[in-house]
Amino acid sequence: MILLLLFSLMMVPATAVAEPRAAAGLPSAESVRTAPLTIEEVLARIELTHPLLRASGLERAQARAKILKALAAWEPKLRNEVEVDRFQNFNLTNVSGINTLTGGYSDTMLKIGHPWGFEVFGGIRNGFGDHATISGRDGPHRHSADTGPVAFPTDMTLFYTQQMAIVGGAFNLLRGFMVNEEFAEFQQAELAGPQAEVKVAQKRQDLYLAGAVQYWDWQVAVKQTDVVKRTLAVAEERYRMVEGRSKAGAIAPIDVVEAREEVQRRREAAIAAQRQVEYEQYKLALFLWENGQPVTPRPEWAPEFQGETSLPTEEDVAAFKVEATEDRPEVRDLYIDAKLNNIELKLAKNNLLPKLQVEGGPAVGGIYWIGGFGYRVGTLFSMPLFNRAARGKVLHAEAQQQRLAYKQAYTERQVQLDVDNWLSAQVRARDRVKAATEALRLAKTLEEGERARFNMGATSILFVNMRERNVVDAAYELYRAQADYAVSRGGMLWARGALAKPVSERVLSKYGDPLHAAGSSGHKLPGRD
């Protein structure tokens, strides 16, 4: 009994054991599915649920973060400064005697910057300290608490004697005027948004093409497995027939061995084909996600290959090339790189100018404040003698600009050649489909004729097996040619840049919620940022 059970398990094909395992992890809705899996659904599921596309969408959030970081350079700042000084008044004036006093102030101000390179501020200054004034004739005199520190300035007095309004600012007149590092960083941060969209489009394009190619590889594997299983069934039926005829003495026993050997050969091919199906379906599962888990497609979901479509005309090809130079992410990314480099070049040329800054505001430091100076205005001029750093940055930016120009010219030509390449692939794949179809028809005709001759005893089983193998090989070639034709059509969409665009919402709504699609990940939502 045990030997019989082991023999039964050995004779069961590997497919019967593997299929329930693959189906065990499927959701209940998918396990009872009967509708075929279309390429439209594969692309829609990638757009709706693919984790890598969702992760790429976070580039949008990071782009907004860069803008926020750049805006911080001119963010209004509330600032408070306190200074306390102790001094002897005879060191400040020519009065006789020594009078040690303490004075100070507290500044509370709001500073606001501007991208054009200037900063202004306004606030209130409160003075405090010993209450005395200085007189050059009569010496120091004590006054009331409202008189303030020594030689208290009376400019822009507010609510009491010790309090005054303060205003000031700084302006760049040459270097840094309208073009400065902070403004350049902000302009580059603004380009991070379009750059993020290009990266999402690039990831979408790669996933769409890879998913489509894997879908057709899986479809070929399923169809080839069906052919192998049918030929295995034919060989098994023939083996039983030959064995019966051998027992009846109609044919030689060696033909039975030949028939049995062919059964084993085809059974091994069926097991290998089933393994190929499982390999392809697990790879395809990485493009089909549902509730955070990959969905393994079942072989019965594989549809038939689509028929031939009309080839694009010369006008269509010319339009495709124009479309490719505008929509392909590779070209769009170079345009953004050129804009980023132009910002660097403007900044580098601006740094060639001398630095001339005009600033003004309340006097800083007790010696000036208590000594009676309320405000100061000054200019700052500086320039390196050789200005090597600025000239080096200009040369680097100009070289980068030239390099991007060469790369852009090459990439535009490359995407145009991609259109020609995939058009060639489509034409040759179509011709292969026609040739493979005719070859399969002829192989089947020879197979049927050889089988008829065998039934009449005019040939051996060896030639019948050879004819059937030829049919299998011809079917393989036909399915591979049909898959290559489908890949060439998808490749043309890739070459045009059409795969960089998301599937329409009308299609997405069939398989999920377009509002929460993975392709829209990272978009700004109400209440964020």
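This briefing walks through a few spots in the structure above, from a helix and its aromatic neighbours to a patch on the surface. The model is predicted. A good place to begin is helix α6, which covers residues 181-190. From there we visit three single residues, Glu-59 in helix α5, Gln-357 in strand β9 and Val-120 in strand β3.

**Helix α6 and its surroundings**

- Just where α6 starts, Asn-180 uses a side-chain oxygen to come within 3.3 Å of the backbone nitrogen of Glu-182.
- Four residues of α6 are buried, namely Phe-183, Ala-184, Phe-186 and Ala-189.
- Those buried residues pack against three other helices: α5 (51-71), α7 (192-247) and α10 (329-350).

**Aromatic rings**

- Searching the whole structure turns up six aromatic pairs.
- One of them joins Trp-74 and Phe-186 in an edge-to-face arrangement, with 5.8 Å from centre to centre and 80° between the planes.
- This pair brings together distant parts of the chain, since Trp-74 sits in the loop between α5 and β1 (77-88) while Phe-186 belongs to helix α6, 112 residues apart.
- Both partners, Trp-74 and Phe-186, are buried.
- Phe-183 joins in too: ring pairs link Trp-74, Phe-183 and Phe-186 into a cluster.

**Glu-59 in helix α5**

- Is Glu-59 buried, partly exposed or exposed? Glu-59 counts as partly exposed because its relative accessible area is 25%, which lies between the 20% limit for buried and the 50% limit for exposed.
- Setting aside neighbours within four places in sequence, Glu-59 is in contact with Ala-196 and Lys-199.
- The C-alpha atoms of Glu-59 and Val-198 are 9.8 Å apart, although the two residues are separated by 139 residues along the chain.

**Gln-357 in strand β9**

- Strand β9 spans residues 355-362 and includes Gln-357.
- With a relative accessible area of 18%, Gln-357 is buried, because buried means under 20%.
- Which residues does Gln-357 touch, not counting those up to four places away in sequence? They are Ala-170, Phe-171, Asn-172, Gly-378, Thr-379 and Leu-380.

**A nonpolar patch on the surface**

- Eight residues make up a nonpolar surface patch: Leu-78, Leu-110, Ile-112, Val-120, Phe-171, Leu-173, Leu-174 and Leu-353.
- Together they have about 670 Å² of accessible area.
- Val-120, a patch member, lies in strand β3 (residues 118-129) and is partly exposed, with a relative accessible area of 34%.
- Phe-171 belongs to this patch and is also one of the residues that Gln-357 touches.

Conventions. Residues numbered from 1 in each chain as written. Predicted model: local features only at pLDDT ≥ 70, side-chain atom pairs only at ≥ 80, totals over all residues. Heavy atoms only, no water. Patch = residues over 30% accessible without salt bridge, like charges linked within 9 Å, V, L, I, M, F, W, Y side chains within 5 Å. Areas by Shrake-Rupley, 256 points an atom, 1.4 Å probe, with all protein chains shown as cover. Salt bridge = Lys/Arg side-chain N within 4 Å of Asp/Glu carboxyl O. Helix = DSSP H or I, 4+ residues; strand = E, 2+ residues; numbered from the N terminus. Buried < 20%, exposed > 50% of the residue type's maximum accessible area, 1.4 Å probe, protein only. Contact = heavy atoms within 4.5 Å. Polar contact = N/O pair within 3.5 Å; in protein donor to acceptor, adjacent residues only side chain to side chain. Phe/Tyr/Trp six-rings, centres within 6.5 Å; stacked < 30°, edge-to-face > 60°.
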